[in-house]
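Let us take a walk through this model together, going from single residues to the ligands and the domains around them. Keep the viewer open and turn the view as you read.

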Amino acid sequence: MRIAVFAGDGIGPEVTEQAVRVLDALEIAGLELIEGDVGGAAYRKHGHPLPPVTLDIARSVDAILFGAVGDFTLDHLERALRPEQAVLGLRKELGLFANLRPATVFKGLEDLSTLRPEVSGKIDLLIVRELNGDVYFGEKGTRTLADGQRQGWDMMSYAEDEVRRIAHVGFKAAQGRSGKLCSVDKANVLETSQLWRDVVIAVSKDYPDVELTHMYVDNAAMQLVKNPGAFDVIVTGNLFGDILSDQASMCVGSIGLLASASLADGTLGLYEPIHGSAPDIAGKGIANPMATILSAAMLLRHSFGLEAQAARIEAAVAAALADGVKGGDLGGSAGTKEIGDAVLARL
Ligand code: NAD
Ligand code: IPM
Ligand code: MN
């Protein structure tokens, strides 16, 4: 069980350190951690956000624990060298096309949400986000128009097989939950979305036990705040999934709480909090490490089938929250290490 630990930039190393403490504390026999550089940190050291040495490590392990990348002092670099290319590159190079972003309210902790407790208390949903296609990976550029002004452009596209494979992930996830799948698109405007919808409907014939609905993304953003409890599994494209998952995190309580798994066809998985490098609080020791700790739990569950250990971590996080251990993101004052200590104490 070889795990690469790519901590990255900003709060990435701070939150990852706490997740590694939790993994260490479980004393799982045969678990080996291998560190590697990604993002702005890797650019400064190796001249590239995803250097070959890191990619080699990624290809040699069974799972990756990822912190966050992003460093605004490097935003002037050409796009291929920007820190974010590390996570985008890993997703693409390793074929990690299925991004699972669960958003569930912790029992008894409805009031962490900025929504009313009777609304937030019903949240138990899973966003299945396609991660290898869409406008993220299409051709893009800046061109000069006839009148001399510059125009930025990004090509949005989905091929049938890209939609088909993520649709299967969505339907299977729904089968394992309450049997409801909502496909989110913008088929009223976008050709990419019309094809997405057509393919999802075709795939649904294989899953007569799953109730499929469709929703436009603007409505989905609204419903997520109005009645998030109505959602079970949401399957959507790369861009819409990115946006809706940040929104779902606030419905639960904070972006510092949401974990994710990015899975390929094989067994390899990359696990990361859905948040970024949070430059506004980096280096202050106040970031909430819970999303990363919960990502480590997802890692143990999905990559190694260690359900009991995963559940132990999740219970420890929930217990810490229930005891009032909250970071600044949740209106509390606990620091990063203090939160790590609290979770460890409850393991
Ligand atoms: P962000 O998620 O980094 O931060 C958004 C807000 O949430 C900030 O106010 C931040 O302080 C807060 N926040 C985030 N995580 C927190 C935590 N664990 N505890 C407490 N507060 C937390 O998003 P952003 O500011 O839009 O982006 C910052 C950088 O991160 C950018 O360079 C962006 O590209 C990058 N980014 C990377 C990833 C990734 O590595 N997967 C994800 C998102 C953003
Ligand atoms: C995320 C992030 C990334 C994304 C960025 C950093 C490329 O926002 O993982 O949610 O847009 O996918
Ligand atoms: Mn995002």
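We can begin with S254, which counts as buried because its relative accessibility is 2%, under the 20% that marks the limit for buried residues. Please keep in mind throughout that this is a predicted model. S254 sits in the loop between helix 9 and strand 11 (259-263). From there, its side chain reaches the backbone nitrogen of G256 at 2.8 Å. Beyond its neighbours within four places in sequence, S254 is in contact with S249, D329 and L330.

Step back now into helix 9 itself, which covers residues 238-252 and holds N238. Is N238 buried or exposed? Its relative accessibility is 0%, so N238 counts as buried. If we set aside residues up to four places away in sequence, N238 touches R129, E130, L131, N132, G133, D134, Y136, F137 and Y158. Two of these names, R129 and Y136, are worth remembering, as they also belong to the residues around ligand 2.

Before we look at that ligand, it helps to see how the chain is divided. The domain assignment gives domain 1 (1-96 + 265-347) and domain 2 (110-253). Taken over C-alpha atoms, the centres of domain 1 and domain 2 are 24 Å apart. How many residues of each domain are in contact with the other? There are 11 residues of domain 1 in contact with 11 residues of domain 2.

Ligand 2 brings both domains into the picture, since the shell around it draws at least three residues from each of domain 1 and domain 2. The shell is made up of E84, L88, R91, R101, R129, Y136, D242 and I274. By class, that gives three nonpolar, no polar and five charged residues. Several side chains come within polar-contact range of ligand 2. For Y136, a polar side-chain atom lies 2.5 Å from an oxygen atom of the ligand. For D242, an N or O atom of the side chain is 2.9 Å from an oxygen atom of ligand 2, and for R101 the corresponding distance is 3.0 Å. Taken alone, ligand 2 exposes 320 Å², and the protein buries 77% of that.

Now turn to ligand 1, which has 21 residues around it. The nearest are E84, G276, A278, D280 and N288; E84 is also listed around ligand 2. The shell of ligand 1 has 10 nonpolar, six polar and five charged residues. Which atoms of ligand 1 pair with H275, G276 and D280? A nitrogen atom of the ligand is 3.2 Å from an N or O atom in the side chain of H275. An oxygen atom of ligand 1 is 2.8 Å from a polar backbone atom of G276, and for D280 an oxygen atom of the ligand is 2.8 Å from an N or O atom in the side chain. On its own, ligand 1 has 800 Å² of accessible area, of which the protein covers 69%.

A278, one of the nearest residues to ligand 1, also has a backbone feature to look at. Its phi is near 40 degrees, a positive value in a residue other than glycine. A278 lies in the loop between strand 12 (269-273) and helix 10 (290-304), and it counts as partly exposed because its relative accessibility is 21%.

E27 also has a positive phi, near 50 degrees. Its place is the loop between helix 1 (12-25) and strand 2 (32-36). With a relative accessible area of 70%, E27 is exposed.

How values were computed: Residues numbered from 1 in each chain as written. Chains lettered and ligands numbered in written order. Predicted model: local features only at pLDDT ≥ 70, side-chain atom pairs only at ≥ 80, totals over all residues. Heavy atoms only, no water. Near = heavy atom within 4 Å. Polar contact = N/O pair within 3.5 Å; in protein donor to acceptor, adjacent residues only side chain to side chain. Areas by Shrake-Rupley, 256 points an atom, 1.4 Å probe, with all protein chains shown as cover. Nonpolar A, V, L, I, M, F, W, Y, C, P; charged D, E, K, R; others polar. Domains from an automatic or database assignment. Helix = DSSP H or I, 4+ residues; strand = E, 2+ residues; numbered from the N terminus. Buried < 20%, exposed > 50% of the residue type's maximum accessible area, 1.4 Å probe, protein only. Contact = heavy atoms within 4.5 Å.
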